[in-house]
Amino acid sequence: HAKEAGRGSYSLYLPTMEGHAPAVLQQEHLLRRAVREQQFVLHYQPQVRVDTGRLHGFEALVRWQHPEQGLVGPDHFIPLAESRGLITAIGRWVLREACRQLRAWHDEGLPQVQVSVNLSAIEFRQRDVVADIEHTLRECGLAPRFLEIEITETALMQHADQTRETLAALRALGVSVTVDDFGTGYSSLAYLKRYPLDKIKVDRSFVIDTPQDADDVAIVTAVVQLARSLQLQSVAEGVENPEQLALLRGLGCDLAQGYGIARPMPAAQALEWMRQQARPVARCG
Ligand code: C2E
Ligand code: MG
Ligand code: MG
Ligand code: MG
């Protein structure tokens with residue numbers, strides 16, 4: 001896990017995340033302070049079109065700038081934030097910061113790229129979530145079509161009526177919705193036709209061992225075809241090498257994201273990356 005959080009990160013694995021052990025209470029105390037003092041930073045990972053290699057947008061991924069422990073990845077504090085009622089405050093900061101940054105890039109005359117923001121189930125279930133998003137977009141002067149929301153399929157499976165309402169409201173607003181970590185939750189496929197969705201993101205656990213693993217190739221193939229049949233776009237995450245990108249191109253997958261294209265990076269570096277990305281072929285590997 002520590003490795004996935006990126007370079008310079010620090011493992012904060014807490015076996016009793018739900019408990020009241022001193023280490024957990026201390027971490028909760030520090031996280032509350034982090035929310036007050038906004039000790040967070042967003043890293044941006046490019047998503048490119050598989051056919052042309054052109055930049056489509058960025059996924060915004062939050063990190064905690066821990067006062068003593070350096071950069072802490074989301075897997076090490078989002079669960080605690082969720083269980084201690086802090087996720088909504090963090091999520092609001094993430095959304096605002098991502099929209100502000102995107103608007104700043106647009107203002108610099110950069111390509112009009114999108115940004116996608118992860119919403120946890122708790123945030124997605126907030127009654128006023130769509131009003132919040134609309135308000136933030138307006139404040140930042142960002143058109144809704146530039147924002148994409150990523151929700152796990154597990155979150156989509158809960159509270160069917162409210163989920164449908166929220167998704168319909170997002171659609172009406174013009175914000176698009178991606179099903180994140182597709183294939184890893186417990187779910188039926190029925191929700192894919194019931195709900196207004198835009199993209200399916202193939203979980204990186206299915207991508208990582210392609211093209212060597214025949215079973216994974218079969219799964220990725222099936223998901224890309226399923227998306228196309230339902231007129232949804234497909235996104236593959238965890239693309240680490242040119243062979244995987246070639247496979248996805250052959251399958252007609254729409255978008256790709258992964259270390260082989262670019263790692264998540266701070267805004268300044270993402271800007272550099274955009275400027276250097278004049279070449280129309282994805283640089284992978
Ligand atoms: P996710 O939404 O599935 O994000 C993709 C994760 O895969 C990121 O980890 C990213 O760094 C990593 N990744 C990207 N390309 C590759 C690759 O080629 N190989 C491998 N092995 N990994 C790759 P990260 O940044 O540690 O984020 C982990 C999870 O934390 C995210 O998974 C997302 O569910 C959650 N998260 C991140 N930011 C936020 C946020 O602002 N709010 C909420 N609620 N959750 C967030
Ligand atoms: Mg995501
Ligand atoms: Mg994912
Ligand atoms: Mg994931």
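This report walks through a predicted model of a protein with its ligands, starting at the metal ions and ending with some details of the backbone.

## The first magnesium ion

Let's begin with the magnesium ion that is ligand 2. Its protein donors are Glu-59 through OE, Asn-118 through OD1, Glu-150 through OE and Asp-180 through OD, and they lie 2.0 to 2.2 Å from the ion. Read along the chain, these donors follow the spacing E-x58-N-x31-E-x29-D. Distant parts of the chain are linked here: Glu-59 sits in strand S2 (residues 55-66) and Asn-118 in strand S4 (residues 114-118), 59 residues apart.

How buried or exposed are Glu-59 and Asn-118? Glu-59 has a relative accessible area of 4%, and so it counts as buried, because the cut-off for buried is under 20%. Asn-118, at 28%, is partly exposed.

## The second magnesium ion

Now for ligand 3, also a magnesium ion. Its protein donors come from Asp-180 (OD), Asp-181 (OD) and Glu-237, which is listed twice (OE and OE), at 2.2 to 2.5 Å from the ion. In sequence, the donor residues are spaced D-D-x55-E. Here, too, distant parts of the chain are linked: Asp-180 belongs to strand S6, while Glu-237 is in the loop between S8 and helix H11 (242-251), 57 residues apart. Both Asp-180 and Glu-237 are buried.

Which residue bridges the magnesium ions, ligand 2 and ligand 3? Asp-180 does, and the ions lie 4.1 Å apart.

## Around ligand 1

Next up is ligand 1, which has 23 residues around it. The ones that come nearest are Arg-63, Asp-180, Arg-204, Glu-240 and Tyr-259. Asp-180 is a name to remember, as it also bridges the magnesium ions, ligand 3 and ligand 2.

Some polar side-chain atoms can be placed quite exactly. One from Glu-240 lies 2.6 Å from a nitrogen atom of ligand 1, and one from Gln-45 is 3.0 Å from a nitrogen atom of the ligand. Arg-63 brings a polar side-chain atom to 2.9 Å from an oxygen atom of ligand 1. Taken alone, ligand 1 exposes 810 Å², and the protein buries 91% of that.

What kinds of residues make up the shell around ligand 1? They divide into 10 charged, eight nonpolar and five polar. As for where they come from, S2 and strand S6 (176-182) each supply at least two residues. S2 gives the most, with four residues of the shell.

## Helix H3 and the glycine after it

Helix H3 covers residues 87-107, which makes 21 residues. At 1.5 Å a residue it should span 30 Å, and the C-alpha atoms at its ends are 30 Å apart, so the expected span and the model agree. Just after H3 comes Gly-109, with a positive phi of about 80°.

## Backbone details in the loops

A few loops deserve a look. Where is the cis peptide bond? It runs from Thr-210 to Pro-211, with omega near -5°. Pro-211 is found in the loop between helix H9 (204-207) and helix H10 (214-229).

There are also positive phi values in residues that are not glycine. Gln-38 has a phi near 50° and sits in the loop between helix H1 (22-37) and strand S1 (40-49). Gln-231 has a positive phi of about 60°, and its place is the loop between H10 and strand S8 (233-236). Gln-231 is exposed, with a relative accessible area of 73%.

## His-66 and Leu-226

Two more residues round out the tour. His-66 lies in strand S2, and with a relative accessible area of 5% it is buried. The side chain of His-66 makes a polar contact with the side chain of Gln-69, at 2.9 Å.

Leu-226 has its place in helix H10 and is partly exposed, with a relative accessible area of 26%. From C-alpha to C-alpha, Leu-226 and Pro-67 are 45 Å apart in space, and in sequence they are 159 residues apart.

Note on methods. Residues numbered from 1 in each chain as written. Chains lettered and ligands numbered in written order. Predicted model: local features only at pLDDT ≥ 70, side-chain atom pairs only at ≥ 80, totals over all residues. Heavy atoms only, no water. Donors = N, O, S within 2.8 Å, 3.2 Å for Na, K, Ca; no water. Buried < 20%, exposed > 50% of the residue type's maximum accessible area, 1.4 Å probe, protein only. Near = heavy atom within 4 Å. Polar contact = N/O pair within 3.5 Å; in protein donor to acceptor, adjacent residues only side chain to side chain. Areas by Shrake-Rupley, 256 points an atom, 1.4 Å probe, with all protein chains shown as cover. Nonpolar A, V, L, I, M, F, W, Y, C, P; charged D, E, K, R; others polar. Expected span 1.5 Å × (residues − 1).
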